[in-house]
Amino acid sequence: MIISTLNLRKGLRNKVKFLKQFISKTDILCLQETTEINTKIEKEIEEILNMKIYKSNGDNKSKGVAILVSKNWNCDITDYPTDTYFKGRLKHITLKIENE
């Protein structure tokens, strides 16, 4: 399993195709400074990157974070709600990977 992290600086908009080159072998990608990820960007991530997105959007005081997980992984994922205090700063998920 390969886990990567990337600080996007100024958001994810217009960067999904760039990410495709960056993540060619990445199974889990943690993103910082995503700003707000809208439905259009989510759809691009799902289709172009073949990844599922778990996000905590930012606002004017926090910039947003996201965890992208490859759809090729056969695992159960639990997505936890983010406390208001950590909105845009923290995203928590658990992955349960079955032994093959």
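The exercises below work through a predicted model, from its sheet to its loops and its largest pocket.

Residues are numbered from 1 along each chain as its sequence is written, and side-chain values use heavy atoms, with hydrogens and water left out. Because the model is predicted, local features need pLDDT of at least 70 and side-chain atom pairs count only at pLDDT 80 or more, whereas totals for chains, interfaces and linings use all residues.

**Exercise 1. The sheet**

Task: State the strand order of the open sheet of four strands, and find which strands stand at the edges.

Solution. Step 1: fix the terms. Helices (H or I, at least four residues) and strands (E, at least two) are DSSP runs, numbered from the N terminus. Two strands pair if DSSP finds at least two bridges between them. Strands of a sheet pair through backbone hydrogen bonds, either parallel or antiparallel.

Step 2: read the order. The open sheet of four strands runs 1-2-4-3, and its pairing is mixed.

Step 3: find the edges. Strand 1 (3–7) and strand 3 (51–56) each have a single partner strand, so one side of each lacks a neighbour in the sheet. From one strand to the next, the twist averages 15°.

**Exercise 2. Strand 4 and its surroundings**

Task: Describe how strand 4 (residues 65–70) is joined to strand 3 and to strand 2, and decide whether the residues of strand 4 are buried or exposed.

Solution. Step 1: count the bridges. Strand 3 and strand 4 run antiparallel and are joined by six bridges; one pair is Y54 with I67 of strand 4. Strand 2 and strand 4 are also antiparallel, with five bridges; here L31 has A66 of strand 4 as its bridge partner.

Step 2: check the burial. Buried means under 20% relative accessible area, exposed over 50%, and partly exposed in between (1.4 Å probe, protein chains only). Six of the six residues of strand 4 are buried.

Step 3: sort the directions. V65, I67 and V69 point one way from the strand, while A66, L68 and S70 point the other way, and all are buried.

Step 4: add the helix. Helix 2 (residues 39–49) lies across strand 3 and strand 4, at about 150° to strand 3. Such angles run from 0 to 180 degrees between N-to-C directions, with axes as lines fitted to C-alpha atoms, for helices over the stretch in contact. Contact means heavy atoms within 4.5 Å.

**Exercise 3. Positive phi in two loops**

Task: Locate T35 and N50, and give the phi of T35 and of N50.

Solution. Step 1: recall the background. Most residues other than glycine have a negative phi, and most peptide bonds are trans.

Step 2: take T35. T35 sits in the loop between strand 2 (28–32) and helix 2. Its phi is near 55°, a positive value in a residue other than glycine. T35 is partly exposed because its relative accessible area is 31%.

Step 3: take N50. The loop between helix 2 and strand 3 holds N50, whose phi is positive, about 55°, although N50 is not a glycine. N50 is partly exposed, with a relative accessible area of 31%.

**Exercise 4. N74 and T78**

Task: Compile the location, exposure and contacts of N74 and T78.

Solution. Step 1: N74 lies in the loop between strand 4 and strand 5. Its relative accessible area is 62%, so N74 is exposed. Leaving out residues up to four places away in sequence, N74 touches I97 and E98. N74 and K96 are 22 residues apart in sequence and 9.0 Å apart in space, C-alpha to C-alpha.

Step 2: T78 belongs to strand 5 (residues 75–79). At a relative accessible area of 36%, T78 is partly exposed. Its contacts, not counting residues up to four places away in sequence, are H92, I93 and T94.

**Exercise 5. The largest pocket**

Task: Give the space in the largest pocket and the makeup of its lining.

Solution. Step 1: define the pocket. On a 1 Å grid over the protein atoms alone, a pocket is an open set of points where a 1.4 Å probe fits, with protein on both sides within 12 Å along at least five of seven lines; lining residues have an atom within 4 Å of a point. Grid points are joined across faces, edges and corners, and a volume is the space filled by probe spheres set on the points.

Step 2: the largest pocket holds about 160 Å³ of space.

Step 3: the lining includes K20, D27, N50 and N72. It divides into four nonpolar, five polar and three charged residues. Ala, Val, Leu, Ile, Met, Phe, Trp, Tyr, Cys and Pro count as nonpolar, Asp, Glu, Lys and Arg as charged, and the others, Gly among them, as polar.
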